[in-house]
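Open the model in your viewer and keep the selection tool handy. We will make a few short stops together.

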Amino acid sequence: MKAVILAALVCLAACGDSSTSPSTSGSSSDASTADFSGTWAGSISSSTGTGGSNSMNLSLTMTQSGTTVTGTPVGISQGITLTLVRSAVSGSTATFNGTLKLVGGTCSPATLTGTFTLDAKANTMTGTTAGKNADCNQETDTWTFKRS
């Protein structure tokens with residue numbers, strides 16, 4: 001099942017919009033008032049406890065309500081959701097506690113958790129998630145995204 005999801009994500013990333021110029025729509029350089037909604041594109045590097053590793057390109061549609069930002073992969077109908085809850089702000093940078101939910105697979109639904117940093121001025125998002133994936137393997141992911 002993980003291979004199917006990965007194949008879909010790779011295909012979507014290859015076929016999607018490759019624009020990387022930042023959007024200024026609704027943005028503010030002060031992270032406490034910034035709206036992080038929009039399309040974010042980047043890569044996720046994953047490693048599993050079984051020694052496997054891969055990297056994929058992906059676009060996320062992010063929506064913000066208050067201090068919570070929710071991301072869903074562009075063009076994927078399966079249940080994959082990233083939820084970020086703001087925990088701290090310093091200038092243009094906001095720190096979020098993140099939860100990645102994956103549906104499909106033996107251990108579905110799977111939940112991976114981690115920490116993310118979003119920079120309102122640079123329009124960047126970096127983070128890590130870790131936990132048991134939908135295939136019941138321990139997984140660690142490194143996220144590097146830019147608002148497009």
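Start by selecting Pro109, which sits in the loop between β5 (93-102) and β6 (110-119). Strand labels here follow DSSP runs numbered from the N terminus, with helices being H or I runs of at least four residues and strands E runs of at least two. Now show the backbone from Ser108 into Pro109: this peptide bond is cis, with omega near -5 degrees.

A word on the ground rules before moving on. The model is predicted, so local features need pLDDT of at least 70 and side-chain atom pairs count only at pLDDT 80 or more, while totals for chains, interfaces and linings use all residues. Residues are numbered from 1 along each chain as its sequence is written, and side-chain values use heavy atoms, leaving out hydrogens and water.

Next, select Cys107 and Cys136 and display their side chains. A disulfide (a pair of cysteine sulfur atoms within 2.5 Å) joins Cys107 to Cys136, with S to S at 1.8 Å. The link of Cys107 and Cys136 is right-handed, with 105 degrees about the S-S bond. Cys107 lies in the loop between β5 and β6 and Cys136 in the loop between β7 and β8, so the pair ties together parts that are 29 residues apart in sequence.

Stay on Cys136 and check its backbone: phi is near 70 degrees, a positive value in a residue other than glycine.

For the last stop, select Asn123, in the loop between β6 and β7 (124-132). Is Asn123 buried or exposed? At 4% relative accessibility, Asn123 counts as buried (under 20% relative accessible area, against over 50% for exposed and in between for partly exposed, with a 1.4 Å probe and protein chains only). Asn123 also has a positive phi of about 55 degrees, although it is not a glycine.
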